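Colleague: I'm new to this one and would like a walk through its DNA surfaces and its empty spaces. Could you show me the model before we talk?

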2 protein chains.
Amino acid sequence: MGKPKENAFDLAEYPLFSGLSAEEAREFVAKTKSVIRSYEKGNRILRAYESNAFIGMMLEGRAQIIAEDRFGNESIGHTLERGALFGIVSAILGPDYAFTSVAAKNKTAALLIPYRELLLSGMKLGRVHGIVMKNLLTSFSLKAVLMMQKIELLSHKSLRDRLTLYLIQQSDRQKSDRVTVPSKMQLAKALECNRSALVREISAMSRARLLRCGDDWMELDTSALAKASK
Amino acid sequence: MGKPKENAFDLAEYPLFSGLSAEEAREFVAKTKSVIRSYEKGNRILRAYESNAFIGMMLEGRAQIIAEDRFGNESIGHTLERGALFGIVSAILGPDYAFTSVAAKNKTAALLIPYRELLLSGMKLGRVHGIVMKNLLTSFSLKAVLMMQKIELLSHKSLRDRLTLYLIQQSDRQKSDRVTVPSKMQLAKALECNRSALVREISAMSRARLLRCGDDWMELDTSALAKASK
DNA sequence: ATTATTGTGTTGCTACTGCAACAGGCTTTG
DNA sequence: CAAAGCCTGTTGCAGTAGCAACACAATAAT
């Protein structure tokens, strides 16, 4: 699925290689035997329940994460954008932990780093290896934080609490009280709730002056924040 | 809080050092300037919102994870057992991401590994460093898998679906159809639901022959499994 | 022995929220 | 222009689950 491509990417621009020069990034790729592969729209980049030797990084294009349970039911997850890593868990823990597939949404290119080589190349690569490992840990930690926040969100069952917490989390990330929000449908998906129930609750909170909102933004009233603290 | 202790622990027995000899583990500790500290019952090992330079590993005793939001409300989380790691996210990402405190439940000892030194010691330590990093990534990945499963669990809102999925997850982990379950109160906490509602649902499912259960175990009927697949 | 304390199972009530159906607005397509 | 599609906001209905109160064990503390 896809033939190797010539070195047309400025790897040093990707977060995984942040702190490296273009030269060092090339050295990393060479010494770890990493390869660039391209995929046509619709092709599978990773298959659930199959063993996977690579940590992948999106170079260009977009890909869809697809969770497959053991009965073959698929449910779609995130979209992977440029720079995103994938396949980490299955590369590290093996096929028993490969629950997700990844499929290209466009023409896509990815850098595939053999996990085994990554572990073994510490000596050969020295400082370069250290920087990449640091970036890997950082990216991994960020993902862990996002997951923890999602768990916290889902732990609140009342729709009002969930929305309030969501807005607090987002205003932290966006560094602004006025939060830019996606469409109501997407918002409902993020909150794992019913769309019309969400709209209903937004209306109620607006009427109660707990919330001010426009077409693509929302802002909590300070009195609502106080209530959220309990 | 707590004075350094002499080297009385067989570090090679802990998962983070699995694959190392006792000698190599000691070398790792020395070269990374890791220290062993002990804490009296109730003392804080880590404070939320304070900067933390160390990745910690529980050597003995048990500690409580405490989540603190920005208003000072505390909510208790996991208990850390022997071998567990803590402080990873805050050591890697900095104090902005230090959402949790850790408090000793008993007299406790922990190994504190300076994250900075861990990153810098790759050259000095060679193979030993590689093995520890590998173990760190493995442990991190396992935690990620647990979080993903929890998210999947919480994404099901009906109590019946949640319980069913919980039992499927546990039977995978316990490698048995008959799942050992904690007390109803703890189970309710794991499912983030109301205790009496949980008991009610268990009764209903038992009556409907979807579930067989005893005092400390449960087992799904195969017909319930089929339904869970949709 | 008597008194807490803790986990359990039950039940009635209430309210929240999922669901489905519909109407209005906006854009795209023919 | 008409038709189709998509997102939105509203509403009625029904069912689930949270909550509180209670009774009953089994254990622990006095």
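Modeller: We'll take the two DNA strands in turn, and then a cavity and a pocket.

Modeller: First, this is a predicted model, where local features need pLDDT of at least 70 and side-chain atom pairs count only at pLDDT 80 or more, while totals for chains, interfaces and linings use all residues. Residues are numbered from 1 along each chain as its sequence is written, chains are lettered from A and ligands numbered from 1 in the order in which they are written, and side-chain values use heavy atoms, with hydrogens and water left out.

Colleague: Which residues come nearest to DNA strand D?

Modeller: A residue is near a strand if one of its heavy atoms lies within 4 Å of it. Here 18 residues surround DNA strand D, and A:Lys184, A:Arg200, A:Ser203, B:Leu159 and B:Arg200 come nearest. As for the DNA side, 50% of the strand D atoms within 4 Å of the protein belong to sugar or phosphate, and the rest to bases.

Colleague: What does a polar side-chain atom of A:Arg200 lie 2.8 Å from?

Modeller: A polar contact is a pair of N or O atoms within 3.5 Å; within protein, one must be able to donate a hydrogen and the other to accept it, and residues adjacent in sequence count only if both atoms are side-chain atoms. For A:Arg200, the partner is a base oxygen of DNA strand D. A:Lys184 instead has a side-chain N or O atom 2.8 Å from a phosphate oxygen of that strand, and A:Met185 places a backbone N or O atom 3.3 Å from a phosphate oxygen there.

Colleague: Which element gives the most to the surface near DNA strand D?

Modeller: Helices (H or I, at least four residues) and strands (E, at least two) are DSSP runs, numbered from the N terminus. H8(A) gives the most, with five residues. Helix H7 (184-190) of chain A and helix H8 (195-207) of chain B also supply at least two residues each.

Colleague: And which residues come nearest to DNA strand C?

Modeller: Of the 17 around strand C, they are A:Leu159, A:Asn194, A:Arg200, B:Arg200 and B:Ser203. Base contacts include a polar side-chain atom of A:Ser196, 3.2 Å from a base nitrogen, and a side-chain N or O atom of B:Arg195, also 3.2 Å from a base nitrogen. B:Met185 has a polar backbone atom 3.3 Å from a phosphate oxygen of strand C. For this surface, H8(B) gives the most, with five residues.

Colleague: Now the empty spaces: what lines the largest cavity?

Modeller: On a 1 Å grid over the protein atoms alone, a cavity is a set of points where a 1.4 Å probe fits but cannot get out, and a pocket is an open set with protein on both sides within 12 Å along at least five of seven lines; lining residues have an atom within 4 Å of a point. The largest cavity is lined by B:Leu16, B:Phe28, B:Ile55, B:Ile113, B:Leu118, B:Val132 and B:Leu136. About 40 Å³ of space lies in this cavity, a volume being the space filled by probe spheres set on the points, which are joined across faces, edges and corners.

Colleague: How many residues line the second largest pocket?

Modeller: There are 24, with A:Gly122, A:His129, B:Gly122, B:His129 and B:Gly130 nearest its centre. The second largest pocket has a volume of about 550 Å³.
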